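Biologist: Could you take a close look at one polar side chain for me, tell me how it is held, and then show where else in the chain I should look?

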Amino acid sequence: MTSATLADVSARGTAHYRSKRTITAGKRKQHLAAYLFVIPFFAVFIAMLIVPLAYSGYLSFFATRIVGGVSFVGFDNYTKAFRDPAFFAGLSRVALVLGVQVPIMLGLALFFALALDSGRVRGSKALRLLIFVPHAVPGVVATLMWGYLYGQDFGPIAQFFRTIGLPAPNLLAEGTVLGSIMNIVTWEFVGYNMIIMYSALRAIPTEMYEAAEIDGAGQWRVAWSIKIPAIRPAILLTVIFSVIGSFQLFNEPSLLHNIAPNAINDAFTPNYYAFNLAFISLNINYASAIAFLLGITIMILSYVVQLSTQKREVGR
């Protein structure tokens, strides 16, 4: 090998080394910039979620007594919850919401999404906005507004019944208040779930159901056989959100409690029960245990919903 060849090989090696070092330095700068953007999120996530969860879990293993002060009790708070009729009464109400309100709400959301996607509804943009607007109303404002509408003395519903000569129904009585709360939640979240389903429908290639329509399939057949199966992941997402939201019912019972104290007790829903235990009864340890059991229940139900959907997909 001549000296010229050696010099050429050496020059190429030097250039490759410099290029590799430049690329490595560039990647390091990119990685550093990425970490700088991500670190604030993780800092807030750890400070606002992980640390409070860990501290709440720590508190759930203790009890504060008048005699003896704070003492470690292990799983006593959890076993107490399993024997607490108030806790299970709240869970039964949430189960009723899941079994009645959630299917009605998601059914209406799916119907509106399919109707808007069909292109046969006049003023679809205005209608879409009109259906979604209730979700833009803050939950507190919505509950207070419906509380006024439900009012037995000055509420428009009661006044309407009296005008036509019929006795006004007490929509905030012990036997009807849960249905009234279901109505508020449905009014608030139909539009939110409709937007999720409608967005998924707009992502379906039109060729899929245009071919079916050419073959003679009607709108209902296209919706049932093509559109609904195609947006199953979006429907599953709304179901999981609805499960989580049902167990987090708080605004409605806490605000309506002031209007109907005889119909809504301090343990009307598990979330409301945990709040009253912590900030009214000052039993933070037991409230932490209730909150953890509630979180575990939500995780189990969400997993069951997702698993059942996956099994159905495999079965097909």
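Modeller: Gladly, and one definition first: a residue is buried when its relative accessible area is under 20%, exposed when over 50%, and partly exposed in between (1.4 Å probe, protein chains only). What you see is a predicted model, where local features need pLDDT of at least 70 and side-chain atom pairs pLDDT 80 or more, while totals for chains, interfaces and linings use all residues. Residues are numbered from 1 along each chain as its sequence is written, and side-chain values use heavy atoms, leaving out hydrogens and water.

The side chain I would pick is that of N276. With a relative accessible area of 8%, N276 counts as buried. You will find N276 in helix α12, which covers residues 270-279; helices (H or I, at least four residues) and strands (E, at least two) are DSSP runs, numbered from the N terminus. So what does the side chain of N276 reach? It meets the backbone oxygen of D266 at 2.8 Å. That is a polar contact, a pair of N or O atoms within 3.5 Å, one able to donate a hydrogen and the other to accept it; residues adjacent in sequence count only if both atoms are side-chain atoms. Leaving aside residues up to four places away in sequence, N276 touches D266 and S281, where a contact means heavy atoms within 4.5 Å.

D266 leads us on to a histidine, H257. The contacts of H257, again leaving out residues up to four places away in sequence, are I264, D266 and Y272. D266 is therefore touched by N276 as well as by H257, on the same contact rule of heavy atoms within 4.5 Å. H257 sits in the loop between α11 (251-256) and α12. A polar atom of the H257 side chain lies 2.7 Å from the backbone oxygen of I264. Side chains of both N276 and H257 thus come up against backbone oxygens, that of D266 in one case and that of I264 in the other.

From here it is worth moving to the charged side chains. The chain has two salt bridges, each being a side-chain nitrogen of Lys or Arg within 4 Å of a carboxyl oxygen of Asp or Glu. D117 forms one of them with R202, and the closest N and O atoms are 3.2 Å apart. Because D117 belongs to helix α3 and R202 to helix α7, this pair ties together parts that are 85 residues apart in sequence. The two partners differ in cover: D117 is buried at 7% relative accessible area, whereas R202 is exposed at 52%. The side chain of D117 also meets that of K227 in a salt bridge, at 2.9 Å from N to O. Here helix α3, with D117, is linked to helix α9, with K227, across 110 residues. Both D117 and K227 are buried. Taken together, D117, R202 and K227 make up a network of salt bridges.

Those helices turn up again in the nonpolar interior. The largest nonpolar core, a set of buried Ala, Val, Leu, Ile, Met, Phe, Trp, Tyr and Cys residues joined through side-chain atoms within 4.5 Å, has 25 residues, and L110, M194, M197 and I231 have the most contacts inside it. At least two residues each come from α3 (85-117), α7 (177-202), α8 (207-214), α9 (219-230) and α10 (232-247). The largest share belongs to α3, with eight residues of this core. L110 shows how such contacts run: M197, I228, I231 and I235 are its partners beyond four places in sequence. Another core of 19 residues lies apart from this one, with Y78, A81, F247 and Y273 among its members.

One more histidine deserves a glance. H135 lies in helix α4 (residues 124-136) and is partly exposed, at 26% relative accessible area. Beyond four places in sequence, H135 touches E188, F189 and Y192. The C-alpha atoms of H135 and G191 are 6.3 Å apart, although 56 residues separate the two along the chain.

As for the whole, there are 13 helices and two strands. Buried residues account for 34% of the 316 in the chain. Of the contacts with a separation of 6 or more, 66% join residues 24 or more positions apart.
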